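Here are two short exercises to work through with the model open beside you. Try each task before reading its solution.

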Amino acid sequence: MWSEIIENDGWSGKIEDKKKDGTLVTIWLSISVVRDDNGEIINYIAIHTNLENIIKSQERIDFLAYHDSLTKLPNRISFEENLEHSLKFAHKHSEKLAILFIDLDRFKVINDSLGHHVGDELLKEVALRIKSVLHEVNTLSRVGGDEFIVILDNVDKNEQVSSLASSILETLSTPMEIHGHTLTTSASIGISLYPHDASDIVTLVKYADSAMYRAKELGKNRYNFFTQELSSDIDYRLEIEQELRNALKNDELYLNFQPQYTLKTGIVVSAEALVRWKSEKLGQVGPDKFIPVAEDSGLIIEIGEYVFRESCAFLKASNEAGHGLERIAINVSTQQFHQENIVAIFTSIVKEYGLDTKNVEIEITERYIMESTEGNISILDQLRESGFKISIDDFGTGYSSMSYLKKLPIDTIKIDKSFIDDLPDGANDVAITNAIIALSSSLNYHTVAEGIENQEQQDFLCENGCEIGQGYFFSRPLDRENFFIFMKSVQSRTKSETETYCI
Ligand code: C2E
Ligand code: CA
Ligand code: CA
């Protein structure tokens with residue numbers, strides 16, 4: 001400082017100064033030299049600027065850029081920097097590391113039904129709990145709404161990773177008290193390993209993410225390691241997506257129809273439209289495989305419109321053939337609700353075929369409904385106000401709450417096939433099925449049992465007051481021509497036969 005003052009007539013810099021009470025304070029000090037006419041130094045002027053506030057706000061800006069303001073955890077940017085650092089270290093020392101991608105199950109339901117302030121508190125509590133089972137060196141970051149990632153350095157054995165994942169699931173399983181609500185939550189965890197699965201950030205995260213999705217598919221509240229099989233799944237999905245882009249253009253999609261019949265009489269009241277795809281390159285691909293891809297890629301909008309139109313065309317032709325169907329059931333994904341004017345589009349297609357909206361039942365899976373935003377519910381409301389019937393598909397698998405169910409604009413509940421499978425011997429399924437039938441009729445909804453494969457199941461459902469059935473036992477999904485033939489044979493049954501159809 002002194003040499004610079006003498007050479008340059010001044011100095012400035014950041015220093016720690018001591019206040020009278022002995023505490024240290026960071027200041028910016030500028031010293032200038034004052035000389036007389038002969039150039040002799042006669043004075044020094046020192047200006048002290050207290051930097052504390054500036055430093056505080058700078059620190060806050062830095063903090064916010066790298067942290068999530070709600071949980072105070074490192075954010076995605078910071079996570080990527082940390083992971084890069086960890087990867088370099090692991091590479092240099094030939095160590096292994098793991099990343100655990102944690103996604104809360106059903107967080108949206110809590111957020112939507114109890115409000116964001118409850119959701120926020122829940123996230124904070126989740127962050128605290130996960131931290132509580134980590135060692136100091138493991139970094140936990142919040143990388144998305146309800147997504148967290150743990151970097152586990154220096155992994156020796158995979159068991160270390162599984163045991164950490166189990167601890168996380170366990171600590172989250174104790175109910176939380178938040179704003180007067182007792183909430184239970186759980187998470188699904190996907191794990192990828194360096195260098196076993198991949199060695200770059202993007203791939204490691206992608207793999208952990210797909211392993212997490214598989215954990216959800218396997219029933220949630222569990223962890224799952226990435227496997228090579230999942231990687232070929234990803235490739236297969238990509239291939240499906242590529243091929244699916246041409247499917248409509250090349251006329252590779254078509255519909256099958258499965259009758260829904262009144263269990264007591266055997267009279268067909270409706271048909272469910274089920275989309276089929278015969279790909280030139282991939283062969284026959286099931287909707288369970290390609291619908292999720294269509295949803296993720298946005299192709300579902302185009303496909304959905306095709307299905308809707310073809311279904312209306314089918315009903316029109318069926319009416320003309322005198323089958324007397326009351327309605328056609330069409331599966332609609334809530335992704336289609338992103339399409340602008342979806343209600344107007346559906347309504348105008350219905351009109352185009354000279355049908356009425358009440359002849360069209362829209363099937364939405366319970367899972368979708370429970371994941372739904374208020375926007376989706378409002379579209380359901382609008383569809384119903386326009387006269388469409390609404391049916392909840394796969395009921396019993398998606399954790400509907402009773403109070404939610406009452407608020408929803410619906411006409412029909414479809415009991416999921418998984419409950420029908422073990423009828424009439426599975427005591428649990430008997431209890432659940434009966435409860436759903438009772439619930440549904442008390443709310444004045446229609447009840448459809450799907451996936452009926454044998455006489456015993458059908459008899460049980462009929463005896464226990466289920467109204468409508470659908471399944472291979474009555475008829476497999478059929479193309480239009482075979483559906484028409486089937487209808488002829490059903491219609492030609494004598495009336496007495498129909499009356500005693502069930503039991
Ligand atoms: P879903 O809506 O629950 O459809 C019922 C599925 O169960 C159909 O499979 C049907 O063929 C099958 N099924 C019916 N009766 C029986 C039975 O007795 N036993 C057995 N084992 N299965 C039976 P599919 O056609 O493969 O469709 C699978 C899923 O794909 C559908 O489940 C639905 O979620 C989705 N999907 C099908 N078509 C469309 C569509 O046009 N749009 C949308 N968004 N999703 C569709
Ligand atoms: Ca369905
Ligand atoms: Ca279903």
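Two exercises follow, one on a metal site and one on a surface patch.

This is a predicted model, where local features need pLDDT of at least 70, side-chain atom pairs count only at pLDDT 80 or more, and totals for chains, interfaces and linings use all residues. Residues are numbered from 1 along each chain as its sequence is written, and side-chain values use heavy atoms, with hydrogens and water left out.

**Exercise 1.** Find which residues coordinate the calcium ion (ligand 2).

*Solution.*
1. Look for donors, meaning N, O and S atoms within 2.8 Å of the metal (3.2 Å for Na, K and Ca); water is not among the atoms, so sites may look incomplete.
2. At 2.1 to 2.3 Å you find Glu-272 (OE), Asn-331 (OD1), Glu-363 (OE) and Asp-393 (OD).
3. Written along the sequence, the spacing of these donor residues is E-x58-N-x31-E-x29-D.
4. Asp-393 also bridges to the calcium ion (ligand 3), 4.2 Å from the calcium ion (ligand 2).
5. Now check exposure (buried is under 20% relative accessible area, exposed over 50%, partly exposed in between; 1.4 Å probe, protein chains only). Glu-272 is buried at 4%, whereas Asn-331 is partly exposed at 29%.

**Exercise 2.** Work out which residues make the nonpolar surface patch of about 510 Å².

*Solution.*
1. Take nonpolar side chains (Val, Leu, Ile, Met, Phe, Trp, Tyr) joined within 5 Å, from residues with over 30% relative accessible area and no salt bridge (a side-chain nitrogen of Lys or Arg within 4 Å of a carboxyl oxygen of Asp or Glu). Areas come from the Shrake-Rupley method with a 1.4 Å probe; for residues, only the protein chains shown count as cover.
2. The members are Met-1, Trp-2, Ile-6, Ile-41 and Tyr-44.
3. Met-1 has a relative accessible area of 42% and is partly exposed.

Definitions and conventions
Chains are lettered from A and ligands numbered from 1 in the order in which they are written. Patches are made of residues with over 30% relative accessible area and no salt bridge: like charges are joined within 9 Å, nonpolar side chains (Val, Leu, Ile, Met, Phe, Trp, Tyr) within 5 Å.
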